[in-house]
Amino acid sequence: MTIDSDPVPDTLRWAVRLLRGEAVALALLAAWLIWADLTAAKTDLASALFVTGFAVAGAVALWALGGALARRRAGARAPAMVLQLMLLPVGWFMISGGMGWLGVPLMVLGVGVCALLVSPPTTRALGFR
């Protein structure tokens, strides 16, 4: 086993930080959803569990992908990009629903992390030539 002594490029480091930040934000949202599920007077249990589970799974996936990218696992780049591109339709529907203050930054975040993940320094660090 060889250890890559090349320093981690800033683009990859920032992509990992942003993915981990998204994971924390989504985990906080999941915690709020759990609280809301437990304190609701009436709820559709199946829908509540699905939405809450989706948030928990998303947070776990983002955290794991950030960790894999920090360890320079090239296979984590595509799934991370898919999750980032999912922010585009979410942001668009937020803008359409009058929440542009949140939709626009989400779209910028998604495109920005994708740009970091396909930048030449990140590409080289992940072993793509």
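A helix, as the term is used here, is a DSSP run of H or I covering at least four residues, and helices are numbered from the N terminus. Ala25, for example, has its place in helix α1. The structure shown above is a predicted model, and the paragraphs below lead through its overall build, its first helix, its loop and surface, and its largest pocket.

The protein chain contains six helices and zero strands. Read from the N terminus on, its elements therefore follow the order α-α-α-α-α-α, since helices and strands are numbered in that direction. Along its principal axes, the C-alpha trace spans about 55 × 35 × 15 Å. The chain has 129 residues, and buried residues make up 31% of them.

The segment before α1 offers a suitable starting point. Pro7 is found in this segment, and it counts as exposed because its relative accessibility is 69%, where the cut-off for exposed is over 50%. Pro7 can be compared in position with Trp35: the two residues are 28 residues apart in sequence, and their C-alpha atoms are 42 Å apart in space.

Helix α1 itself covers residues 10-39. Ala25 belongs to this helix and is partly exposed, because its relative accessible area is 45%. Between the C-alpha atoms of Ala25 and Thr39 there is a separation of 21 Å, with their positions 14 residues apart along the chain.

Helix α1 also holds a charged pair. Side chains of opposite charge can pair when their charged atoms come close. A search of the whole structure finds one salt bridge. Arg13 forms a salt bridge with Asp10, and the closest N and O atoms are 3.0 Å apart, which means that the pair meets the limit of within 4 Å. Arg13 and Asp10 are separated by about one helical turn, because they stand three residues apart in helix α1. How exposed are the two partners, Arg13 and Asp10? Arg13 is partly exposed, with a relative accessible area of 32%, whereas Asp10 counts as exposed at 53% relative accessibility.

Further along the chain, helix α2 covers residues 45-70, and helix α3 covers residues 77-85. Arg72 is found in the loop between α2 and α3. Although Arg72 is not a glycine, it has a positive phi of about 60 degrees. Is Arg72 buried or exposed? Arg72 is buried, because its relative accessible area is 15% and the cut-off for buried is under 20%.

The surface carries a nonpolar patch formed by Phe50, Val51, Phe54, Val82 and Met86, with about 520 Å² of accessible area together. Which helix gives the most to this nonpolar patch? Helix α2 does, with three residues. Another member of the patch, Val82, lies in helix α3. Val82 counts as partly exposed because its relative accessibility is 48%, and this value satisfies the requirement of over 30% for residues of a patch. The C-alpha atoms of Val82 and Val113 are separated by 11 Å, although these residues are 31 residues apart along the chain.

The description now turns to open space within the fold. Rolling a probe the size of a water molecule over the atoms shows where empty space is left. About 670 Å³ of space lies in the largest pocket. This pocket is lined by 20 residues, and Leu26, Leu29, Phe54, Leu87 and Val90 lie nearest its centre. Phe54 is thus named both in the lining and in the nonpolar patch.

Four helices each supply at least two residues of the lining of the largest pocket, namely α1, α2, α4 (87-96) and α5 (100-118). Helix α2 gives the most to this lining, with seven residues. What is the character of the residues of the lining? They divide into 18 nonpolar, one polar and one charged.

Helix α5 also contains Leu109. This residue counts as partly exposed, because its relative accessibility is 23%. Leu109 and Pro89 are 20 residues apart in sequence, and their C-alpha atoms are 13 Å apart in space.

Notes: Residues numbered from 1 in each chain as written. Predicted model: local features only at pLDDT ≥ 70, side-chain atom pairs only at ≥ 80, totals over all residues. Heavy atoms only, no water. Patch = residues over 30% accessible without salt bridge, like charges linked within 9 Å, V, L, I, M, F, W, Y side chains within 5 Å. Areas by Shrake-Rupley, 256 points an atom, 1.4 Å probe, with all protein chains shown as cover. Salt bridge = Lys/Arg side-chain N within 4 Å of Asp/Glu carboxyl O. 1 Å grid on protein atoms, 1.4 Å probe; cavity = no way out; pocket = protein on both sides within 12 Å on 5 of 7 lines; lining within 4 Å. Points joined across faces, edges and corners; volume = space filled by probe spheres on them. Nonpolar A, V, L, I, M, F, W, Y, C, P; charged D, E, K, R; others polar. Buried < 20%, exposed > 50% of the residue type's maximum accessible area, 1.4 Å probe, protein only.
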